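Hi,

Here is the structure I promised to pass on. Have a look at it first, and then read my notes below.

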Amino acid sequence: MLEHGFPPVYDANSRILILGSFPSVKSREQQFYYGHPRNRFWPLLAALLEEELPRTIEEKKSLLKTHHIALYDALERAEIKGSMDADIKDLEAADLSGIIKNSKIGKIYCNGRKSFEIVTRHMGLEAVLLPSTSPANAAWSFERLLEAWSVILLDGGMGERLD
């Protein structure tokens, strides 16, 4: 059983929460989210927010906090070989109560179906399913992802744009 290994990124001003499923091998090596060079999460977020592409972990954290975005994964522990969501077994859902209690989260967005299933079925929370930014989701072009993910700009239903 593998542990998630690194903490969520959020602060008291975070208004939306984006959840992946479980860190990839590359993310676990780097000890930060979306570490695979072909994952489109960081380029997509930078394009949506009209910001420079963050390169370092500190730049990525700053981008998230500047735009009131919390980031974590739906699983705290899992049995997995490699990085594919389809290979996840014996899962243990993350406890999101601290993030939600200590921030202004108004909406949860899930990066891919596995995260969405965990959040809605195992946690019983409402969430919005977004197409995965994983390189394995080759059916979705960057442009299609950009269009689908633009919903995050409407700040968790509170009516203010994040950017």
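One term before we start: by contact I mean heavy atoms within 4.5 Å. Also keep in mind that this is a predicted model.

Let's begin with the sheet. It is an open sheet of four strands, in the order 3-2-6-7, and the pairing is parallel. At its edges sit strand 3 (69–73) and strand 7 (128–130), each of which pairs on one side only. On average, neighbouring strands here are turned by 25 degrees against each other, ignoring direction.

If you zoom in on strand 6 (residues 107–111), you'll see that three bridges join strand 6 to strand 7 in the parallel sense. One residue pair to look up is Y109 with its bridge partner V128 in strand 7. Helix 5 (residues 113–122) packs on this sheet, where it touches strand 2 (16–20), strand 6 and strand 7. The direction of helix 5 makes about 140 degrees with that of strand 6.

Now for a single residue, N39. You'll find N39 in the loop that runs between helix 1 (25–30) and helix 2 (41–49). Is N39 buried or exposed? Its relative accessible area is 12%, and the cut-off for buried is under 20%, so N39 counts as buried. The N39 side chain reaches the backbone nitrogen of F41 at 2.8 Å. Setting aside neighbours within four places in sequence, N39 is in contact with Y34, T133, S134 and P135.

Cheers

Notes: Residues numbered from 1 in each chain as written. Predicted model: local features only at pLDDT ≥ 70, side-chain atom pairs only at ≥ 80, totals over all residues. Heavy atoms only, no water. Helix = DSSP H or I, 4+ residues; strand = E, 2+ residues; numbered from the N terminus. Buried < 20%, exposed > 50% of the residue type's maximum accessible area, 1.4 Å probe, protein only. Polar contact = N/O pair within 3.5 Å; in protein donor to acceptor, adjacent residues only side chain to side chain. Pairing = 2+ DSSP bridges. Axes fitted to C-alpha atoms, helices over the stretch in contact; angles between N-to-C directions.
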